[in-house]
Amino acid sequence: MVTIIAVDRDGEEHRIDARVGEPLMLALRDNDVDVEAVCGGEMSCLTCHVYIDPTWLEQIGKRTGEEADMLDDQLYSHPESRLSCQITISPDLDGLRCTVAPPEG
Amino acid sequence: MTMASATVASDLADFEAKDLYSPEVIANPYPYYDALRDKPIQFGLEDYPPGTVPGQDKPYPAWVVLKYHDIIQVCRKPQIFSSRDIMQEESDAPTLMLVNHDDPRHAELRKIAQIAFKPKRVEADITPWMQGVVDRLLDKEDEGEVDFMANLAPDLPALVMTKLIGTPEEDYVLLRRWANAFMVTSDFTTEERNQCNIELWNYYQDAVEQRYADIAAGKDVPDDLMSAFIQAEADGNMLTKEEVIRFCVTLVVAGAETTGYLLGNLIDTLVEEPHFFDELKQDRSLIRPFIEESLRRDGPIQRLHRVCTQDTEIGGTKIREGDWVAIFFASGNRDPEIWERPNDFILKRSNIGRHLTFSHGVHHCMGSGIARNEATQMLNGILDRYSAIEPGSAPRMRQTGGLLNYGLETCPIRLVR
């Protein structure tokens, strides 16, 4: 288990537990921080979009090709954008900070 | 609660879920969902999954699930609530890819489909072409009175499917008809419905076989979905020829009719609440929120079915292995527990991402981006060209043929330059 610092859409900070080996999306979705993740990790709905704190970007690694394709056209896409369903929690992500992106709608 | 809705609710106090399959409910099911939503779930609705033929296939009675949280619970447990559609399998209609598959095969197929369905291919790459099509369709209608549901709404999605899959554009009229017959919405005779299902299958069988032959002969083949389905490989898995044909069929029936209804419902709101037309015309960044709110409040797809693989419970009611369950996404989209003033059309709801119109979980609609793209291009085309949309000389009528879709049968409007 690692601790993630998630900032919800109201700017409120939450310290949440995330299981190693699981997608970051699950921890965010199950802790009610405004991540809807309606497709459950199928890279289809874009409702688990987060901004990774710049100091963590290198650690997290690059977007995959399909993920980049998905994010490219989005209104609120930034260089720090990632789909949290595509990030697997590892022990070295303890303390990761991310902010939930606004809904596209 | 307004006086009007209070009256409706008391009139419907004794309404039962098994009576949902009736023309007046299909035209506007929402008051009926409201009347049932907070009661224990009820059993006994007999209605027809896509592809089946009323009068020929026998429907299985189903539990009716209407609360947002219950729907989510069903969607998140695909191992308990299976998507296999025995009724469709027993019928003569082609079974659908992904829609009616369970894991592990569903996951394998989805991975292959995702390679073919790259957002770039199905969205960015075809946007300029789509804009051209919208222009052409609007050129034909010009201005004045037009029934939006006659050509504008159904033609765009059918044309998009010809382009994406890679068959001759002029065949879009056939696709329109086949999709209508398959989705059990419009009035077709049993014979017509069967005939359409056969034609639909044969059409794609011929096209796919030709494409395999072209590839085998080393010819240059177009970079469309048909080629991609044939060539996509994930973890050593490829699709069989039959699966490629079924994928093409699935795209047509899933993508043609539903999106037509979405387009109609968008226009309906613009006529009903004309201030939105002006707001969107001035600020195009409101188009996406407008589409999302329409998907929530008036999402065409009402419900899909699941079958229980073991004894379980939903919202405290015990249900048995083998029972059918109808999950009503459209009811979840107006559940007051989730949505404030659920019947009102409100742009930029903070929780809009939670709507269920494209389903929830592993079966989330892969074509959602295409539908949004079509809606965006149609709205942009209309906003570019006209100064207003006014009501036409006759009322706009909702379809009453089948419970699968909430949408307009006719939509007479006046396009004003």
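Q: In this predicted model, how many bridges pair S9(B) with strand S12 of chain B?
A: Strand S12 covers residues 412–416 of chain B, and S9(B) pairs with it in the antiparallel sense. One bridge partnership here is between Pro391(B) and Ile413(B), the latter sitting in S12(B). Counting up the pairing of S9(B) and S12(B) gives four bridges.

Q: Which strands stand at the edges of the open sheet of three strands in chain B?
A: The order to look at is S4-S12-S9 (chain B), with antiparallel pairing. A strand with a single partner has one side left without a neighbour in the sheet, so it stands at an edge. That describes S4 (144–147) and S9 (388–391) of chain B.

Q: What does the twist average from one strand to the next in that sheet?
A: We're still with the open sheet ordered S4-S12-S9 in chain B. Going from one strand to the next, the twist averages 35 degrees.

Q: Which are the edge strands in the open sheet of five strands in chain B?
A: This sheet runs in the order S1-S2-S8-S5-S3, and its pairing is mixed. An edge strand here pairs on one side only. Those strands are S1 (42–46) and S3 (81–82) of chain B.

Q: Which residue in S2(B) is the bridge partner of Glu46(B)?
A: Start with the strands: S1(B) and S2 (residues 61–65) of chain B run antiparallel and are joined by four bridges. Glu46(B) has its bridge partner in S2(B), and that partner is Pro61(B).

Q: Is Arg297(B) buried or exposed?
A: Let's place it before judging it: Arg297(B) is found in helix H16 (residues 287–298) of chain B. The cut-off for buried is 20 or more other C-beta atoms within 10 Å. Arg297(B) has 23 such neighbours, so it counts as buried.

Q: Which residues does Arg297(B) touch, leaving out those up to four places away in sequence?
A: Sequence distance and distance in space are separate things to check. Take Leu404(B): it is 107 residues from Arg297(B) in sequence and 15 Å away in space, C-alpha to C-alpha. With residues up to four places away left out, Arg297(B) touches Asn333(B), Arg334(B) and Phe345(B).

Q: Which helix gives the largest share of the side of chain B that touches chain A?
A: The contact takes 21 residues from chain B and 18 residues from chain A. On the chain B side, H6 (105–116), H7 (119–122) and H16 each supply at least two residues. The residues on that side divide into seven nonpolar, seven polar and seven charged. The largest share, three residues, comes from H16(B).

Q: Which residues does Cys248(B) touch, not counting those up to four places away in sequence?
A: Cys248(B) belongs to the largest nonpolar core, which has 144 residues. It is one of the six that touch the most other members, along with Trp63(B), Val64(B), Val65(B), Val252(B) and Val325(B). Leaving out residues up to four places away, Cys248(B) touches Ile165(B), Tyr204(B), Val208(B) and Met226(B).

Q: What pattern does chain A follow along the sequence?
A: The ingredients are three helices and five strands. Read along the sequence, they give β-β-α-β-α-α-β-β.

Q: What radius of gyration does chain A have?
A: Along its principal axes, the C-alpha trace of chain A spans about 35 × 25 × 25 Å. Buried residues make up 39% of its 105 residues. For 105 residues, a compact globule would have a radius of gyration near 13 Å, and chain A agrees with that at 12 Å.

Definitions and conventions
Residues numbered from 1 in each chain as written. Chains lettered and ligands numbered in written order. Predicted model: local features only at pLDDT ≥ 70, side-chain atom pairs only at ≥ 80, totals over all residues. Buried ≥ 20, exposed ≤ 12 C-beta atoms within 10 Å, placed from the backbone. Contact = placed C-beta atoms within 7 Å. Nonpolar A, V, L, I, M, F, W, Y, C, P; charged D, E, K, R; others polar. Core = buried A, V, L, I, M, F, W, Y, C linked by C-beta atoms within 7 Å. Pairing = 2+ DSSP bridges. Axes fitted to C-alpha atoms, helices over the stretch in contact; angles between N-to-C directions. Rg over C-alpha atoms; globule rule 2.2 N^0.38 Å.
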